[in-house]
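Hi,

Here is the structure I promised to pass on. Have a look at it first, and my notes on what turned up follow below.

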Amino acid sequence: MAVLKEPIEEALQLRNYIDGEWVESEGETKEVVNPATGKVIAEVPISTKDEIEEAVEAAKEAYPDWRRTPPLARARCLFRLKELLEENFEELSRIQTMEHGKTIDESRGETRRGIEMVEVATGIPSLMMGCNLEDIASGIDEYLIRQPLGVFGIIGPFNFPFMVPLWFAPFAVATGNCIVLKPSSEDPLSQIKIVELAEEAGIPPGVWNLVNGGRTVVSGMLDHPDIKGICFVGSTPVGRDVIYRRCGETGKRVIVMCGAKNFALVMPDADLESTIAACMTSFYGNTGQRCLANANLVVVGEGLSEQELEAFYKKVVDAFVASASKIRMGYGLDDTVHMGPLRDEGKKENVLQYVEKGIEEGATLTLDGRQFELVEDLPEACFVGPTVFEDVTLDMAIAKEEIFGPVACMMKATSLDEAIGMIHQIPFGNAASIFTGSGKWAREFQYRVECGNIGINVGIAAPMAFFPFSGMKDSFFGTLHGQGPEAIRFFTESKVVIQRWF
Ligand code: NAD
């Protein structure tokens, strides 16, 4: 066992970043606790309505100059930011492990994905170009230009504290907008560090503001007439019933990315070894707290007799349980650990309630994650081990609700058609995976499944920074998605000019 050095030694007093200054909040504070060690690592302010208004005002004032800054000059700031993020790569990753609980390898993956967003946004001089056509009528030309809109609000979830706000922030800033960002109050530290680096990279005061807090800050954003659009990532009830609804009422454009309950289908011709390896990271990576995590595994007996399906199901589930049982749990800064704790005790309690519910509903608890061992002596308050349920039916809460923990539900289907029908019974549509050697089945799956992110022999279908991060049904509300060209369109207005000279 080798625990890496912690970058945070004493509890930090976090502040807001408004108009290029680090300012203390008047609001109450909340502790940020390292879920693996139980140590307080920061006090985060729950900011007030006046503070969010100050931040929006600062962003509004910074906007005219930032908008006039040539795209190439804005891109240079992002190039510097990218370099600074690289220089601080390891520290940023360790901060994520301390604030969230994920393993250091998971944090490093998150840091890499986040930096890629900045990298892609540096292409703004090309990405933001419009288009034109000469002679739409004799002697008349028409062209389209893309212009920024002003101030955007960004609201992050707890599960990817570093990466998710970067699905939006670099694209918003690159296109000439100013932002007010509210990280999750559960783990805001890595966003604070990004802002420090953005300041060092030369992003001017007022362009990239950060206000810590909760509902008051969010309401302040939703109601503010000077905020033109909101990017939200979080749970479906908040995303749909609070954010999407209010933005409709106040006329803001939105990207609202929400909860999930994803399926993995295992076809009879799947390569079992690589399928199980992919499933381990998909079901248990980030301790199941991932919107792209698979949660329901369906063993599909396409072309098999009833007995053959039973035998195939047993083979898959036995291999799954054997692998899940070997997962090493502990502090994510120990780089031999495979799975860290859940973010906090409340999240563990929520998972335990689902385990109870699954038993009450009649599912069989094949692997009980309530019993576990840690690789070192740590408080157990936030840990739950890999859990597997069998005999699960789709009417059970464990099969259709987002548990957001390390719980896998095993099911069977006699055909691909039946398995796709099962996916469509769930209100979510974030992601789905198929494991198969057949191009025909893979294409059928990709063609028919109503989910925004499809994995073919891939357990976590996470789109790269130059593709949109999609989602359907109760997993996404809005039209344009985060990342890449769709984000550029979201953060700009198309203006059409028609000209004729006499
Ligand atoms: P959450 O909805 O509890 O919180 C998200 C954000 O909204 C936080 O910043 C929080 O402070 C704020 N918030 C919470 N309740 C609010 C309220 N009543 N009014 C106003 N603001 C409120 O979500 P979470 O627990 O932080 O994140 C986990 C959820 O995010 C899961 O459902 C997960 O699937 C989802 N998620 C989705 C994606 C995706 O791409 N679709 C990606 C990551 C996470």
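To start with the ligand: how far is an oxygen atom of the ligand from a polar backbone atom of Phe158? In this predicted model, the two are 3.0 Å apart. Gly234 also comes in through its backbone, with an N or O atom 3.2 Å from a ligand oxygen. Glu402 uses its side chain instead: an N or O atom there sits 2.6 Å from an oxygen atom of the ligand. As for cover, the ligand on its own would expose 840 Å², and the protein buries 87% of that.

Stepping back to the whole shell, 24 residues surround the ligand. Glu402 turns up again among the closest, alongside Gly156, Lys182, Ser235 and Cys258. Sorted by class, the shell has 14 nonpolar residues, seven polar ones and three charged ones. Two of the elements that feed into it are α9 (215–223) and β11 (227–233), each giving at least two residues.

Now the domains. The assignment splits the protein into domain 1, made of 12–258 + 475–500, and domain 2, covering 262–456. Both have a hand in the ligand site, as each supplies at least three residues of the shell. Their centres, taken over C-alpha atoms, are 32 Å apart.

And the interface between the two domains? On the domain 1 side 23 residues are in contact, and they meet 26 residues of domain 2. Together the domains bury about 2,100 Å² between them, with 57% of that area on carbon and sulfur atoms.

Over to you!

Cheers

Key. Residues are numbered from 1 along each chain as its sequence is written. This is a predicted model: local features need pLDDT of at least 70, side-chain atom pairs count only at pLDDT 80 or more; totals for chains, interfaces and linings use all residues. Side-chain values use heavy atoms; hydrogens and water are left out. A residue is near a molecule or strand if one of its heavy atoms lies within 4 Å of it. A polar contact is a pair of N or O atoms within 3.5 Å; within protein, one must be able to donate a hydrogen and the other to accept it, and residues adjacent in sequence count only if both atoms are side-chain atoms. Accessible areas come from the Shrake-Rupley method with a 1.4 Å probe; for residues, only the protein chains shown count as cover. Helices (H or I, at least four residues) and strands (E, at least two) are DSSP runs, numbered from the N terminus. Ala, Val, Leu, Ile, Met, Phe, Trp, Tyr, Cys and Pro count as nonpolar, Asp, Glu, Lys and Arg as charged, and the others, Gly among them, as polar. Domain bounds come from an automatic or database domain assignment. Contact means heavy atoms within 4.5 Å. Buried area is the accessible area (1.4 Å probe) that two parts lose on being put together, summed over both.
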